[in-house]
Amino acid sequence: MRFPIIPVMLAIASGLSPPVAAQQPEAVTVIRFENLAQTQPRDASARVESLDQAVVAAEVAARVLEVAVHVGEVVTAGQVLVELDPADYELARQASEAQLEAARAGEDMARLRAERARRLAPDQFVSEDQLLEAETRLRQARAERAAAEVELQRAELMLSRTTAVSPYAAVVQSRLIGAGALAAPGTPLVELVATERLEVSSGIGNALIDGLVQSERVDFVDGETSYPVRLLRVSPLISPGARQREVRFEFIDATPPPGSQGTVVWTDPRPVLPADYVVMRGNELGVLLVDSDQTVGSTTTVRWQALPQ
């Protein structure tokens, strides 16, 4: 155990040159470090970021009928954002339905003929080749019906894509197209920022990381409002200029809006010595220490411990 010395009457320790008559042992007070140690509050600038930000784009070519949302509007998952003209895709769906009906009718006819051929084959009213032909035509008809069903599903899918919806709960950041414009596949329509999956991003000095990890509580402070957060991960990369590492936090309960600027605050639990007990000796800052159990009677050995630069 080490004991810092209260810097009372430090003329000799600080390197001053008092008169020879004053070069006498001086009275000092020894205090245990744990009785002086303090924890340090820490803070770092931070920003709330959404994990999901997307530009919703057109998936089909069509003219824009309506942009149903406005900038700053909060939307829910599945809410309609943009309506495109569905006329061409509705006609394609109807044509696919008609093709499917024709394929089903052809399958019914082929099945009846195959069943009739099977009944007549034992009595040799139809040849083996005719039976084989009937069975083959039935398989072809079934394949044509399955292909028509897939084509109808594709037509319905393309028709559904004339309505652009929000993929998640979000805020509309910008409208990128207007009614009457012709959209092609990939044309940007609306930009969204998700409101549910949020993280706090902060650049924190490498020397503070250990204390942050050991801290029992961390808060994101936005103005006068405090939001408890939980440490998620610390990037192993150190920025070359600021010597910081990116740290990510998640909110425990309530969340501020995406894009909020504030600070993360925590208390470093590692004990430190108050600045009042640090003295200057020559050109060095340091403390006077007494090792544990080195005190004999009223005298003790004092040593100088310079602080790291």
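**Close-up views of a predicted model**

**View 1. Arg 233 is partly exposed, with a relative accessible area of 44%.** Salt bridges that share partners tie this residue into one network with Glu 49, Glu 199, Glu 246 and Arg 248. The model shown here, and in every view below, is predicted. Look for the contact between Glu 199 and Arg 233, where the closest N and O atoms are 2.8 Å apart. Glu 199 sits in strand β11 (residues 198-205) and Arg 233 in strand β13 (residues 225-234), so their salt bridge ties together parts that are 34 residues apart in sequence. Unlike its partly exposed partner, Glu 199 counts as buried, at 6% relative accessibility.

**View 2. Helix α1 spans residues 87-120.** Its 34 residues reach 50 Å from first C-alpha to last, close to the 50 Å expected at 1.5 Å a residue. The buried residues of this helix include Tyr 89, Ser 96, Leu 100 and Ala 103. Follow them outward and you will find the buried residues of α1 packing against β4 (62-67) and α2 (128-160).

**View 3. Glu 90 and Arg 93 form a salt bridge inside helix α1.** The closest N and O atoms are 2.5 Å apart, and the two residues are three places apart, about one turn of the helix. An α-helix has 3.6 residues a turn, so residues three or four places apart point the same way. Glu 90 is partly exposed at 25% relative accessible area, while Arg 93 counts as buried at 18%, because the cut-off for buried is under 20%.

**View 4. Arg 145 reaches Glu 107 through a salt bridge.** Here the closest N and O atoms are 3.0 Å apart. The pair links distant parts of the chain, with Arg 145 in helix α2 and Glu 107 in helix α1, 38 residues apart. Arg 145 is partly exposed, at 22% relative accessible area; Glu 107 is buried, at 11%. A search of the whole structure finds 20 salt bridges.

**View 5. Asp 253 lies in the loop between β14 (244-251) and β15 (261-272).** This residue is exposed, with a relative accessible area of 60%. Its C-alpha atom is 7.1 Å from that of Pro 228, a residue 25 positions away along the chain.

**View 6. Residues 6-20 have pLDDT under 50.** For this stretch the model has 25 contacts beyond four places in sequence. Where pLDDT is low, the predicted coordinates should not be read in detail. For the chain as a whole, pLDDT averages 87, and 88% of the residues score at least 70.

Note on methods:
Residues numbered from 1 in each chain as written. Predicted model: local features only at pLDDT ≥ 70, side-chain atom pairs only at ≥ 80, totals over all residues. Heavy atoms only, no water. pLDDT = per-residue confidence, 0-100. Contact = heavy atoms within 4.5 Å. Helix = DSSP H or I, 4+ residues; strand = E, 2+ residues; numbered from the N terminus. Buried < 20%, exposed > 50% of the residue type's maximum accessible area, 1.4 Å probe, protein only. Expected span 1.5 Å × (residues − 1). Salt bridge = Lys/Arg side-chain N within 4 Å of Asp/Glu carboxyl O.
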